[in-house]
Amino acid sequence: QIGKVLDQLDRLDLAKNTIIVLWSDHGFHLGEKGLWTKTTNYELDTRVPLIITAPGKGRDLRSDALVELVDLYPSLAELAGLPIPQGVEGTSVAPLLSNPDQPWKSAVFSQFPRPWQYKKDPEIMGYAVRTDRYRYVEWRNFKTGEIKSRELYDHLSDSEELNNIAELSSSSGLAKELWKHLNDGWQKAQPKKM
């Protein structure tokens with residue numbers, strides 16, 4: 001269906017000034033890990049489809065770069081030739097549309113309460129950092145910040161995030177490194193200026 005839209009834009013000579021973005025706001029659990037719908041900081045809930053086409057940018061390109069939905073606003077602003085307002089979180093992915101294999105973010109972040117519920121002050125908040133290989137999650141008391149539990153998954157050997165290796169002695173250095181990445185925040189994970 002996306003191809004039909006793109007073909008029609010070409011036929012109507014509108015592709016040269018039209019930006020299209022297809023995305024989903026969240027992933028979805030269908031019983032994996034005993035979970036249902038969008039309820040976590042895990043891969044199945046945070047990984048979403050993202051397709052962007054813009055005038056003057058390559059077509060049929062694919063990137064494995066880490067991007068986040070907060071990147072959409074600055075991306076659309078840059079692609080439309082508009083200034084990106086100060087204070088906007090996220091990074092324009094426009095450079096990836098020309099060079100999808102360039103060095104990019106070192107990590108992306110998510111946050112979700114446990115148990116999943118819409119409350120002003122949840123009891124436990126989950127904070128996660130995802131690198132190209134690992135996902136590290138901390139579940140913290142929302143009021144005190146005390147870490148209640150930690151999870152660490154190696155996507156090279158465990159893409160379904162079934163084996164929590166956070167408490168293994170062999171993972172202690174890696175867990176500390178990812179803890180630092182999580183606490184340093186999104187600004188320090190940004191791509192280096194070219």
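In the predicted model, the residue just after helix α4, Gly185, adopts a positive phi of about 85°. The helix that precedes this glycine comprises 13 residues, 172–184. At 1.5 Å a residue, α4 should span 18 Å, and the distance of 18 Å between its end C-alpha atoms agrees with that expectation. Five positions of the helix are named as buried: Leu174, Ala175, Leu178, His181 and Leu182. These residues lie on the same side of α4, because the arc that they cover around the axis is only 120°. The opposite face, turned away from the buried side, carries Lys176 and Glu177, both exposed. The cover over the buried residues of α4 includes four strands, namely β5 (108–114), β6 (124–130), β7 (134–141) and β8 (147–154).

The protein chain as a whole contains four helices and eight strands. In sequence order, these elements follow the pattern α-β-β-β-α-β-α-β-β-β-β-α. The C-alpha trace extends over about 60 × 40 × 35 Å along its principal axes. Of the 194 residues in the chain, 37% are buried. Among contacts with a sequence separation of 6 or more, 48% are made by residues 24 or more positions apart.

A second helix examined here, α3, covers residues 72–79. Its buried residues are Leu72, Pro74, Ser75, Ala77 and Leu79, and they pack against strands β1 and β4 (50–53). Helix α3, too, is followed by a glycine with a positive phi: Gly81, for which the angle is near 75°. Further along, in the loop between α3 and β5, lies Pro100. Pro100 has a relative accessible area of 13% and is therefore classed as buried, the limit for that class being under 20%. When residues up to four places away in sequence are not counted, Pro100 touches Leu61, Arg62 and Ser63. The C-alpha atoms of Pro100 and Asp64 are 7.7 Å apart in space, whereas the two residues are 36 positions apart in sequence.

Positive phi values also occur outside glycine. Most residues other than glycine have a negative phi. Asp13 departs from this tendency, with a positive phi near 60°. This aspartate is placed in the loop between α1 (2–11) and β1 (20–23), and with a relative accessibility of 48% it counts as partly exposed. Glu161 likewise has a positive phi, of about 55°, although it is not a glycine. The loop that holds Glu161 runs between β8 and α4. Glu161 is buried, since its relative accessible area is 2%. The two residues thus have positive phi values in loops, but Asp13 is partly exposed and Glu161 is buried.

Among the strands that cover α4, β5 contains Gln111. The relative accessible area of Gln111 is 48%, which makes this residue partly exposed. Apart from neighbours within four places in sequence, Gln111 is in contact with Asn41, Met125, Gly126 and Tyr127. Ile51 and Gln111, by comparison, are separated by 60 residues in sequence and by 23 Å in space between C-alpha atoms. In the loop between β7 and β8 lies Lys143. Lys143 is exposed because its relative accessible area, 70%, is over the 50% limit for that class. Between the C-alpha atoms of Lys143 and Pro122 the separation is 8.6 Å, with their positions 21 residues apart along the chain.

The second largest pocket of the model has a volume of about 420 Å³. It is lined by 20 residues, of which Gly90, Thr91, Ser92, Gln190 and Lys193 are the closest to its centre. By class, the lining consists of ten nonpolar, seven polar and three charged residues.

Terms used:
Residues numbered from 1 in each chain as written. Predicted model: local features only at pLDDT ≥ 70, side-chain atom pairs only at ≥ 80, totals over all residues. Heavy atoms only, no water. Helix = DSSP H or I, 4+ residues; strand = E, 2+ residues; numbered from the N terminus. Expected span 1.5 Å × (residues − 1). Buried < 20%, exposed > 50% of the residue type's maximum accessible area, 1.4 Å probe, protein only. Arc of directions from axis to C-beta. Contact = heavy atoms within 4.5 Å. 1 Å grid on protein atoms, 1.4 Å probe; cavity = no way out; pocket = protein on both sides within 12 Å on 5 of 7 lines; lining within 4 Å. Points joined across faces, edges and corners; volume = space filled by probe spheres on them. Nonpolar A, V, L, I, M, F, W, Y, C, P; charged D, E, K, R; others polar.
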